[in-house]
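The following paragraphs walk through one model, beginning with a single strand and working outward to the chain as a whole.

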Amino acid sequence: MQVGGGRKAYDDINITPMLDLAYVLLVIFILMATASVQGIKVDLPNASSAQSLAEPKTVAITVNNQGQVFMDAFPVTLPELEAQLRSKKAVNPELPIVLKGDAATQYGKITEVLDLCRRLDLNKVGLVTGKPKSA
């Protein structure tokens with residue numbers, strides 16, 4: 001007669017919880033990497049010589065092809081944009097701004113944003129362009 005009812009010793013390691021954890025971490029890293037991208041995707045015009053104005057506290061203002069204005073990927077009206085820029089300028093007087101305008105955007109809307117920056121005495125304003133296509 002056998003004691004223990006014929007049970008076999010459990011000597012295999014169950015790796016399912018470890019794989020579940022690895023998949024969850026992978027999903028979290030993918031989401032965080034895509035969430036850290038700043039601004040709205042627009043079709044940028046090309047320029048042959050573009051200088052980078054990337055700084056840690058740069059404000060990204062985007063005007064899409066429908067004329068909607070976004071500040072750091074959040075839609076704003078021009079009065080809201082002015083209020084937010086005033087508050088950010090109070091913290092950092094040398095506030096750098098990058099302005100991204102879709103190639104099909106009406107020039108007047110971009111001019112309104114540039115005029116707003118001039119009225120607020122924000123002098124570090126750069127226009128974002130794409131790289132020229134190689135022949």
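Strand β4 is covered on both of its faces: I97, L99 and G101 are buried on one side, and V98 and K100 are buried on the other. In a regular strand the side chains alternate between the two faces of the sheet. For β4, which spans residues 97-101, the count is 5 buried residues of 5. Buried here stands for a relative accessible area under 20%. The model is a predicted one, and the description of β4 should be read as such.

What lies beside β4 in the sheet? One partner is strand β1, residues 59-63, which runs parallel to β4 and is joined to it by 5 bridges. Within this pairing, V63 has G101 of β4 as its bridge partner. Another partner is strand β5, residues 125-127, which pairs with β4 over 3 bridges, again in the parallel sense. There, L99 is matched with L127 of β5.

The connection from β4 to β5 involves helix α3, residues 107-119, and the three elements together make a right-handed β-α-β unit.

β4 and α3 also meet in the description of the nonpolar core. The largest such core has 17 residues, and those with the most contacts inside it are I61, L81, L85 and I97. Two or more residues each are given to this core by β1, β2 (69-71), α2 (78-91), β4 and α3. Helix α3 supplies the largest share, 4 residues.

Which residues does L85 touch, once its neighbours within four places in sequence are set aside? Its contacts are V59, I61, M71, L95, I97, L116, C117, L120 and L122. Two of the residues with the most contacts inside the core, I61 and I97, are thus named again in the list for L85.

The view can now be widened to the whole chain. The protein chain has 3 helices and 5 strands, and along the sequence they follow the pattern α-β-β-β-α-β-α-β. Among contacts with a separation of 6 or more, 70% are between residues 24 or more positions apart. The pairing of β1 (residues 59-63) with β4 is one place where separate stretches of the chain are joined.

How much of the chain is buried? Of its 135 residues, 24% count as buried, whereas in β4 the count is 5 of 5. The accessible surface of the protein chain comes to about 10,300 Å², and carbon and sulfur atoms account for 59% of that area.

Methods: Residues are numbered from 1 along each chain as its sequence is written. This is a predicted model: local features need pLDDT of at least 70, side-chain atom pairs count only at pLDDT 80 or more; totals for chains, interfaces and linings use all residues. Side-chain values use heavy atoms; hydrogens and water are left out. Buried means under 20% relative accessible area, exposed over 50%, partly exposed in between (1.4 Å probe, protein chains only). Two strands pair if DSSP finds at least two bridges between them. A crossover is right-handed if, with the strands pointing away from the viewer, the path from the first strand over the helix to the second runs clockwise. Contact means heavy atoms within 4.5 Å. Accessible areas come from the Shrake-Rupley method with a 1.4 Å probe; for residues, only the protein chains shown count as cover. A nonpolar core is a set of buried Ala, Val, Leu, Ile, Met, Phe, Trp, Tyr and Cys residues joined through side-chain atoms within 4.5 Å.
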